[in-house]
Amino acid sequence: MTPPQAPVGAGQVQVHEMLPARVLIGPGAVRLVAGEAARLGARRVLLVAGPSAAEAAGRVAGDLGPRLAARFGRPAPHTPVAVTAEATAVAEEAGADCVVAIGGGSAIGLAKAVAARTGIPQVAVPTTYSGSEMTPVLGETEDGVKTTRRDPALAPGTVVYDPELTLGMPPGLTRTSAMNALAHAVEALWAPDATMVTDALAAESVAGILGALPEVLDEPSRAEPRARLQSAAWLAGICLARTRMGLHHQLAHVLGGAFDLPHAELHAMLLAHVMAFNLPAAPAAASRLSGITGSDDPAAVVARLARAHDGPTRLSELGVPRDALPAMAERVVDAPYPNPRTPTTAGVTELLARAW
Ligand code: NAD
């Protein structure tokens, strides 16, 4: 067995910040959402859910009964401030004292943004593997610029994971969203602030995602592998909350912000390329990933997963112009996120060219 990479006593003091989240996880947990809102003292709930979560939202609305004060049904990717202003106005007009969000990272991001403006508590009910529900991070866009802030008050206090809400997730979204989670765990393994806790969570998460994802893709509506995949993605979300992200997330932010690209697809197409770039400079992460994948080339294992997607697998297919790549690389090099291998304009351009 690979020893922990960052054991206590290795000459450095480790800082462990645990967010005080209450997590419910298991089939049928959606039935407990109304009770969880009541536990937070909610009498007037704003329910945020896009069309893909309509059925679950209908059930929660029924369970809330007269405590449902208002609904907002149009969350948008990258949390545009104009959409947040609309949803905040709905919350204020309704006198909402709690926001319940059901959906992917977009719905959960909107609830964080509303909570940031109103101070009301949140219950998050994730239907993808984005991990946003576990983090104190909010990224918001205005005039095409995405800014990110981190504040423990932004993290949803209560998270309800119900794998049944993921049974109908299309295979394309399943693969790319699971790879988004995989990226959180992989980057946690080479993060400068990794601890024995994040190492353990990240390793368990990578093994869980790589084990469950092929089974889920074979039989997307089978409950048990879906539950394992969701649990592994939960651990990845904790990794995202607890470690500083590196080159992979930076590239996703820079490209996603510049070209308004679909979040999970972008993560899925970049991850193997960033692993190939970073792993030679991150031997402990490489050894851990080799142990989990049973391969001396873990990046190739992840590349195979990404290539099997029926949607776009290359940046060119998302409309990113080839001649924009050096400028994207320069943005990274100008203010790099902490990364095991120092990014250079030439190195990152080459990485992006491979992904293109
Ligand atoms: P998303 O929430 O935009 O969902 C993608 C699409 O899938 C949407 O059309 C949605 O309606 C649909 N969908 C969601 N769940 C489904 C299901 N179970 N079945 C069928 N369709 C479903 O995408 P996402 O990747 O979950 O989240 C992306 C957003 O989250 C981005 O804005 C990203 O920046 C943000 N994010 C934030 C953090 C953070 O920590 N702050 C972390 C990860 C992602």
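Domain bounds here come from an automatic or database domain assignment. The model is predicted.

**View 1. Two domains make up the division of the protein chain.** Domain 1 spans 22-166, and domain 2 spans 171-355. Their C-alpha centres lie 26 Å apart. Domain 1 gives 17 residues to the contact. Domain 2 gives 23 residues.

**View 2. Domain 1 and domain 2 bury about 1700 Å² between them.** Carbon and sulfur atoms account for 61% of that area. On the domain 1 side, three residues stand out: H78, Y129 and M134. Together they supply 37% of the area that domain 1 buries against domain 2. No other three residues supply more.

**View 3. Helix α2 (residues 54-64) has a buried side.** The buried residues are A56, A57, V60, A61 and L64. They sit on the same side of α2 because they cover an arc of only 140 degrees around the axis. The spacing fits a general rule. An α-helix has 3.6 residues a turn, so residues three or four places apart point the same way. The face turned away from the buried side carries E55 and G62, both exposed.

**View 4. Helix and strands cover the buried residues of α2.** The cover includes one helix, α1 (33-39). It also includes the strands β2 (45-49), β3 (68-72) and β4 (98-103). After α2 comes G65. The phi of G65 is positive, near 55 degrees.

**View 5. Y161 and W234 form the 1 aromatic pair in the structure.** The ring centres lie 6.0 Å apart. The planes meet at 45 degrees, so the pair counts as tilted, between the limits of 30 degrees for stacked and 60 for edge-to-face. The pair links distant parts of the chain, 73 residues apart. Y161 belongs to strand β8 (residues 158-161). W234 belongs to helix α7 (residues 223-242).

**View 6. The two partners of the aromatic pair, Y161 and W234, are seen here by accessibility.** Y161 has 2% relative accessibility, so Y161 counts as buried. W234 has 22% relative accessibility and therefore counts as partly exposed. The cut-off for buried is under 20%.

**View 7. R341 lies over the face of F277.** The distance from R341 to the ring centre of F277 is 3.9 Å.

Definitions and conventions. Residues are numbered from 1 along each chain as its sequence is written. This is a predicted model: local features need pLDDT of at least 70, side-chain atom pairs count only at pLDDT 80 or more; totals for chains, interfaces and linings use all residues. Side-chain values use heavy atoms; hydrogens and water are left out. Buried means under 20% relative accessible area, exposed over 50%, partly exposed in between (1.4 Å probe, protein chains only). Helices (H or I, at least four residues) and strands (E, at least two) are DSSP runs, numbered from the N terminus. The arc is that of the directions from the helix axis to the C-beta atoms. Contact means heavy atoms within 4.5 Å. Rings of Phe, Tyr and Trp (its six-membered ring) pair if their centres lie within 6.5 Å; planes under 30 degrees apart count as stacked, over 60 as edge-to-face and the rest as tilted. A charge sits over a ring if NZ of Lys or CZ of Arg is within 6 Å of the ring centre and within 35 degrees of the ring normal. Buried area is the accessible area (1.4 Å probe) that two parts lose on being put together, summed over both.
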